Amino acid sequence: MNRLAVRELALLAGLVVMVGLIQAWLGTAYTLRMLVEASCYAILALGLGIQWGYGGLFNVGVVGFVALGGFASVLLSYPVNEDFLNSGSAAELARVGLYAVLGIAVVFAISRLHRLGVPRGLCTAATIAAAAAVYLVVTTALDPVAGEIEANAGFVGGLGLPAWTGWLAGGALAGLVAWPIGRICLGLRSDYLAIATLGIAEIIKAFLKNADWLTRGTLTVSPLPWPVPTPDEVGFVWARAGYLCLTAAMVVAIYVLLERAYRAPWGRMMRAIRDNEVSAAAMGKDVNRRRLEIFVLGSILIGIGGAALVSFVRIFDPAGFLPLNYTFLVWVMVILGGSGNNLGAIVGALLVYIIWTLSEPAALLLFDALRDLGDAWFGWDAPSDLQSRALQMRVFVIGLTITLVLRFAPRGVLPERAPRHEQVGPR
Amino acid sequence: MLVEAANLHAGYGEMNILDGVSLALEAGEIGVVIGPNGAGKSTTLKALFGLLRVSEGSVRFDGADVTNATPESLVRRGMSFVPQERNVFETLTVQENLEMGAFVRRDDYRHLVERIYALFPPLRDKRGQPAGELSGGQRQMVAMGRALMVEPRLLLLDEPTAGLSPLFMSQVFEQILAVNATGVGVLMVEQNARQALGIAHKGFVLASGRNRFTDTGQKLLADPEVARSFLGG
Amino acid sequence: MNELVFFVNKVLVAGTVIGSIYALGAVGVTLVFGILRFAHFAHGDLMTAGAFAALAGAAGLHALGVSTPLPIGFVALPLAMIATALLAMGLDRTFYRPLRERGARPIVLVMASIGVTLMLQGLVRLFAGTAPRSFFTGERKDIFHIALPFDLADRPIIVTEPQVLLVLLTAAAVVALHYFLTRSRLGKAMRATSDNADLARVSGIDTELVARTTWIIAGGLAAAGGTMLSLDVTLKPDLSFSLLLPIFAAAIVGGVGQPYGAIAGGFLVGFAETLSVFNWSVLLRVLAPVLPETVEIPTKLAFVPPEYKIVVPFFILVVVLVWRPTGIFRGRVL
Ligand SMILES: Nc1ncnc2c1ncn2[C@@H]1O[C@H](COP(=O)(O)OP(=O)(O)O)[C@@H](O)[C@H]1O
Ligand SMILES: [Mg+2]
């Protein structure tokens, strides 16, 4: 235990030194930006970390939940679009919404008909037919309205609420999407959850990218409001410092809450389930329910972290949500930090993000040097897209890191500290 | 000695179950392991067959040290094992199950398949049927037949009569005797202790991962203490 | 009649083509899932890598001055299949087998396969760039116009040479696979391992040999699928993620561990995709003369806009997981 604490302190000290060096080299504003982003990633890593570390759940759709968080921020806190409100489209859209609500109610009612004695098979068939019909009617009705909005107003705009409401809504939306997925997949082996989360992330991205009337699609939305004074008001350094205070406070608060939950009966039960699912189930614990809780909770955290991250960048660009920069980067943070260790997730996030940021100029530098050398020594005619190829090196390195950690340090750099739950159940 | 295990220690992961089990069997003998539930009987068979790591003690088969040898190499040496549960390939046909038993053989084994059908006549008609569709007794035949395809000198059986009706049970015991009559040594774990000890040359009573009694089958049956504690009075 | 021809071109031909591709991928996924017991996320990249191997092979053959009536990429396919099979075996030996031997949980292998995905993606893009590539730079793609022998249809059914080859190849692969799995000793051992891995070990089946064979088949078929897809359209280095979901859906619909199920699942997903994005108003327009004036046929009547095609395999996946997780061919739920 003591050795571990020493290791954590050493890592932390190393981090501080690294940050100091970067500050001296690249300036305060740059360092602050990096730290804010790193702290947002720490929130993501905490969310993914509890899913993996507490629940043994494999979520490959982090990027989707991040995008949802950003989208909720836009919807709630972006200024109201007067053009849209004053055009007839608002009423039209409300009408489509009404259709959708009515349609869902009808489908639901039909799906309950078996209670009134309608045969099951017939009831199922009718439900499917009704759902398809409602779906067609609503999409057909939405199409012209969406086109009108795009033509006249650009997009629907936001509600103009304070930024923090958007963050909370981001968490709520992510949790809302996670819930049905968890319901479907958590009774099955974790592979299925991995496949399903991968799919839902792709769908969320496709939706946000193509629903121009809602998100402006590839035209992007900016500037997103901040919950603290913006650079326009107080300058880069002060604004970013303020933002950092906020996100750092969030990281600390989430950490403290998670640690408390971990030590509470709920956390003990989670660990019992993870370490020995069979005996936990034999003791009458509702394993899938607990897992669903952890999955939704983790997704909520990812949604909030995503909202904070997207707000900080101030631009909502649905095309920019690459799995690599979110899902896989966060995975590296979590498994490096050690599964089931929240402090590890935070340290992992800071460390990996700093290295990640620096790796971009480093990769470019390296490849420029390679090109010059290749040119000088062998007359190598480098391909013109060398720069974009150089950045692909980082994809390789992320993949390599994942496989190496799994093979050689399966419990991470900072393994879980609490003793593993002892074997329970009948001998 | 055909097989000789001395002072076996083995278990699952960190958890040690066997705490010094010893047993020995001559070629062509039937050995029966009995004991209460959770005594470590199945664990003993798995440790013998290389399915668990033996942390202390040794296993000798036919004079050679085979402690922690892989199941595949043991099969090649002439030992085979019928687990208690899930002991047939359910989606493979009866015939294919037998062929899988002969996976390590590179020679022509068709005559062996015929011998198995002669030993277990009901299987002949079901040769093309998936083993998962058979009755419990027939599955047990497939499982034993699969294990016999390597012409083993030692057959390990884990509760071959579990879940069978009394009629089928006697049938299984007869088949085991028939197999033994061809010179195959049999080491079996059984719940029907009396019936099993009745056909055993040697009996081993285990409790809590240790030997409690070791003797000939008849003597164990006659021992009042064994009868009181392990044969239900 | 022209509407029907349109339907044939857009749905039947396109569905068969994409269904064959999915089937070739899904067979590998289902074999790995059933025998090695983890969802292999790097399968899409195995397909991409195979296509690049074929591209390199085609370039090599071209440089040697080989010229054939068949597309040169297709001629290079056997080489690509061998190379990809070796790659798959190498990946297993380097990344998956050590974890397997350590007794790691299956989900750890899933994670490792994601690491492998990223590595393959990075390497492919590093060496080949991110731009799409065409196999048909030095030769022409043959396109067959099949005119229909009746007057009502003046539009032909259009099929390209790679499409014909793809369907033939898929059929050949299915037959070969069937004979291998039901007749050969190793094929039966693969089925046995997929059915009950513990019993396979107990029976003395060499499970590492079975694993190697699985990777050879999975890698070879992945290369075939990736190459044929690239011959049909173009070779995109980032194709893997969009292939992954339909392939997994196909494998799960067909029942995990069931190769025939995976083939059926591949075609099911392929046809579901083409049917969903098909504009049904084209067919409905035929009815216009008999419908009353007041009924207006919308100009666009597709279930799913093409940009949301990814929803289709996901929807199928969800329906199967809810309604029958064992799949239509009664595979396993791991
Ligand atoms: N796969 C396993 N993992 C962990 N413990 C096991 C496993 N199989 C059996 N055990 C434990 O080992 C002990 C002995 O089991 P076993 O050898 O199967 O007993 P039996 O004598 O009834 O065959 C039991 O306490 C059981 O709970
Ligand atoms: Mg037992």
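User: Why is A:Phe58 called buried?

Analyst: Buried means under 20% relative accessible area, with exposed over 50% and partly exposed in between (1.4 Å probe, protein chains only). A:Phe58 comes out at 1% relative accessibility, so it counts as buried. One caveat up front: this is a predicted model, where local features need pLDDT of at least 70, side-chain atom pairs count only at pLDDT 80 or more, and totals for chains, interfaces and linings use all residues. Residues are numbered from 1 along each chain as its sequence is written, chains are lettered from A in the order in which they are written, and side-chain values use heavy atoms, with hydrogens and water left out.

User: What makes A:Phe58 and A:Trp331 an edge-to-face pair?

Analyst: Rings of Phe, Tyr and Trp (its six-membered ring) pair if their centres lie within 6.5 Å; planes under 30 degrees apart are stacked, over 60 edge-to-face, and the rest tilted. Here the centres are 4.7 Å apart and the planes sit at 75°, so the pair is edge-to-face. Both A:Phe58 and A:Trp331 are buried.

User: Why say that this pair ties together parts far along the sequence from each other, and how many residues apart are they?

Analyst: A:Phe58 is in the loop between α2 (28–53) and α3 (62–77) of chain A, while A:Trp331 is in helix α15 (residues 324–337) of chain A, so the pair links parts that are 273 residues apart in sequence. Helices here are DSSP runs (H or I, at least four residues), numbered from the N terminus.

User: Why is the pair of A:Trp52 and A:Phe58 called tilted?

Analyst: Their rings are 6.2 Å centre to centre with 55° between the planes. A:Trp52 is buried too, with a relative accessible area of 7%.

User: How many residues of chain C are in contact with chain A?

Analyst: 54 residues of chain C are in contact with 47 of chain A, contact being heavy atoms within 4.5 Å. The area buried between them is about 4,400 Å², 77% of it from carbon and sulfur atoms; buried area is the accessible area (1.4 Å probe) that two parts lose on being put together, summed over both. On the chain C side, C:Met111, C:Leu118 and C:Leu126 lose the most area to chain A, together 15% of what that side buries.

User: How many salt bridges does the rule find across that interface?

Analyst: Zero across the interface of chain C and chain A, where a salt bridge needs a side-chain nitrogen of Lys or Arg within 4 Å of a carboxyl oxygen of Asp or Glu.

Technical notes:
Helices (H or I, at least four residues) and strands (E, at least two) are DSSP runs, numbered from the N terminus.
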